[in-house]
Amino acid sequence: MKKLLAVIISVTFSAHVSAQVLPYLKKGVFQPGEELTYKLKYGFISAAEGVLKVLPSDLTFDGKPTYHLTAVGKTSKAFSIFYNIRDRYDSYIDQKTYLPYFFSEDIKEGKYRRNDKIRFYQDKKKIEATRGNFTAKESQTFDLLSAYYFSRTLDLSNIKEGESFKLSYFLKDSLAYLYITYLGKENIKTPLGTFRCLRFSPSLEPGRVFKKDSKLHLWVTDDDNRIPVKAQVDILIGAVTLELTGAKGLKYPLKTTK
């Protein structure tokens with residue numbers, strides 16, 4: 001369960017971002033006060049819930065104002081009997097470039113505990129973390145949470161079906177790439193209605209959770225908000241689905257198809 005949630009969070013926070021320096025929408029797609037709620041289901045059973053927020057921030061890094069991003073994930077009451085998860089992620093990002101300055105995570109999964117802090121110096125390609133200092137591979141390096149919000153700001157007007165991208169991100173004590181393929185547009189039904197979406201397929205590594213031919217699909221609203229509304233993946237036994245169940249404080253109206 002822990003590995004499955006980690007992959008879903010990673011994919012949701014990292015979708016459709018290239019490791020190259022990409023143009024992004026200067027007008028922005030989110031604002032302080034935004035709150036998104038997601039539900040993770042195993043088959044028809046509700047397994048976990050996650051809440052993402054954009055908060056106002058008085059902190060500055062290198063003299064620049066920031067947004068404070070938070071994400072809290074926890075297992076449902078039914079699943080907590082078998083494995084209890086209470087995770088919190090915080091990221092402070094630049095208000096103009098959306099790149100992260102500081103990231104922290106407080107992980108409580110069963111008896112496992114981890115508290116990590118990461119300081120990003122994007123211009124120097126330098127990362128100072130709890131587990132040591134690292135040199136970034138790219139001029140844009142993300143934590144999982146900032147990657148989610150940055151990806152929503154990308155200008156995807158020229159994206160082509162079948163085109164692949166990669167994202168450079170730092171997690172725990174290492175740098176890695178996540179590869180994503182764009183699959184086109186599709187209407188997708190969610191608890192909040194039916195939305196016109198961009199569809200992506202991030203890469204997966206087969207193992208104890210995923211089958212050799214498992215594929216993860218992610219749907220993101222094709223509107224000014226660019227919100228991931230659904231993710232689905234087949235596992236060794238059954239399938240797991242992540243769905244958007246609540247959205248408030250959005251910068252733009254959330255539009256459903258007729």
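**Reading strand β8 and its surroundings**

Q: This is a predicted model. Along strand β8, which side chains are buried and which are not?
A: Strand β8 covers residues 126-129, and its side chains alternate. I127 and A129 point to one face and are buried. K126 and E128 point to the other face and are not buried.

Q: How many bridges join β7 to β8, and how do the two strands run?
A: Look for bridges between neighbouring strands. Here 4 bridges join β7, residues 112-121, to β8. The two run antiparallel. One pair to find is R119, which stands opposite E128 in β8.

Q: What do β7 and β8 form, and how many residues lie between them?
A: They form a hairpin with 4 residues between the strands. In the turn, K125 has a positive phi of about 55°.

Q: Which strand lies on the other side of that hairpin's second strand, joined to β8 by 4 bridges?
A: That is β9, residues 132-135, and β8 and β9 run antiparallel. K126 has T135 in β9 as its bridge partner. β8 and β9 also form a hairpin, with 2 residues between them.

Q: How many cavities of 30 Å³ or more does a search of the whole structure find?
A: The search finds 2. Take the second largest, with a volume of about 30 Å³. Its lining includes F120, Y121, K126 and I127. β7 and β8 each supply at least two of the lining residues. By class, the lining has 4 nonpolar, 2 polar and 2 charged residues.

Q: Why can side chains of opposite charge pair?
A: Side chains of opposite charge can pair when their charged atoms come close. The cut-off used here is 4 Å, from a side-chain nitrogen of Lys or Arg to a carboxyl oxygen of Asp or Glu. By this rule the count comes to 12 salt bridges.

Q: Which parts of the chain does the pair E34 and R152 tie together?
A: E34 lies in the loop between α1 and β1, and R152 lies in helix α3, so the pair ties together parts 118 residues apart in sequence. The N to O distance is 2.9 Å. Both residues are buried.

Q: What does R119 form with D62?
A: They form a salt bridge, with the closest N and O atoms 3.4 Å apart. The pair links R119 in strand β7 to D62 in the loop between β3 and β4, 57 residues apart. R119 is buried, at 15% relative accessible area. D62 is exposed, at 55%.

Conventions:
Residues numbered from 1 in each chain as written. Predicted model: local features only at pLDDT ≥ 70, side-chain atom pairs only at ≥ 80, totals over all residues. Heavy atoms only, no water. Buried < 20%, exposed > 50% of the residue type's maximum accessible area, 1.4 Å probe, protein only. Pairing = 2+ DSSP bridges. 1 Å grid on protein atoms, 1.4 Å probe; cavity = no way out; pocket = protein on both sides within 12 Å on 5 of 7 lines; lining within 4 Å. Points joined across faces, edges and corners; volume = space filled by probe spheres on them. Nonpolar A, V, L, I, M, F, W, Y, C, P; charged D, E, K, R; others polar.
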